[in-house]
Amino acid sequence: MARLSESLHRVLDETGARTAALVDIGTGMVVCSAGQDGAALSAAAAGLADEARSAMSAFGRVHPGGDLDEVAVVTRSRFLLSKIVDSRPGEGLLLFIDLDRAQTNM
């Protein structure tokens with residue numbers, strides 16, 4: 001788990017990165033995170049997991065290089081990016097990154 005945490009902290013070295021987290025698609029729980037944490041992260045993780053599960057049921061098996069690889073949500077102040085790292089029907093992992101839109105250029 002220490003290596004995973006270290007990897008997520010390296011993501012935070014990028015300009016504008018606020019939070020990096022690994023999310024379990026099946027449960028919506030945060031497996032490991034770095035950066036700004038809190039209730040907003042838990043809610044975002046649960047929402048992203050729901051979205052990934054919905055896509056899995058709509059598109060069939062979802063995997064890196066498959067039908068759904070990444071999801072981007074853009075707000076006035078943030079880029080919320082999630083990448084499917086590993087998936088199996090109804091389960092898997094998402095890498096979630098919260099970026100400050102004023103400091104980042106997608």
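**Exercise 1.** In this predicted model, decide whether threonine 104 is buried or exposed.

*Solution.* Threonine 104 has a relative accessibility of 18%. Buried means under 20%, so threonine 104 counts as buried.

**Exercise 2.** Describe the surroundings of threonine 104.

*Solution.* Start with the position: threonine 104 lies in the segment after strand 5 (91–100). Next, take the polar atoms. A polar atom of the threonine 104 side chain lies 3.0 Å from the backbone oxygen of aspartate 100. Last, set aside neighbours within four places in sequence; threonine 104 is then in contact with Thr15, Gly16, Phe79 and Leu99.

**Exercise 3.** Characterise the largest pocket by volume, lining and residue classes.

*Solution.* The space in the largest pocket is about 160 Å³. Its lining consists of Thr19, Gln36, Asp37, Ala40, Leu41, Ala44, Thr75, Arg78, Leu80, Phe96 and Asp98. By class, five of these are nonpolar, three polar and three charged. At least two lining residues come from each of helix 2 (39–59), strand 4 (78–88) and strand 5. Helix 2 gives the largest share, with three residues.

**Exercise 4.** Which elements each supply at least two residues of the largest nonpolar core?

*Solution.* First list the core: its eleven residues are Ala21, Val23, Ile25, Leu41, Ala45, Leu48, Ala52, Leu80, Ile84, Leu94 and Phe96. Strand 1 (17–24), helix 2, strand 4 and strand 5 each supply at least two of them. With four residues, helix 2 has the largest share of this core.

**Exercise 5.** With which residues is leucine 80 in contact, leaving aside neighbours within four places in sequence?

*Solution.* The contacts of leucine 80 are Val71, Ala72, Val73, Phe96, Ile97 and Asp98. Among them, Phe96 belongs to the largest nonpolar core, and Asp98 lines the largest pocket.

Methods. Residues numbered from 1 in each chain as written. Predicted model: local features only at pLDDT ≥ 70, side-chain atom pairs only at ≥ 80, totals over all residues. Heavy atoms only, no water. Buried < 20%, exposed > 50% of the residue type's maximum accessible area, 1.4 Å probe, protein only. Polar contact = N/O pair within 3.5 Å; in protein donor to acceptor, adjacent residues only side chain to side chain. Contact = heavy atoms within 4.5 Å. 1 Å grid on protein atoms, 1.4 Å probe; cavity = no way out; pocket = protein on both sides within 12 Å on 5 of 7 lines; lining within 4 Å. Points joined across faces, edges and corners; volume = space filled by probe spheres on them. Nonpolar A, V, L, I, M, F, W, Y, C, P; charged D, E, K, R; others polar. Core = buried A, V, L, I, M, F, W, Y, C linked by side-chain atoms within 4.5 Å.
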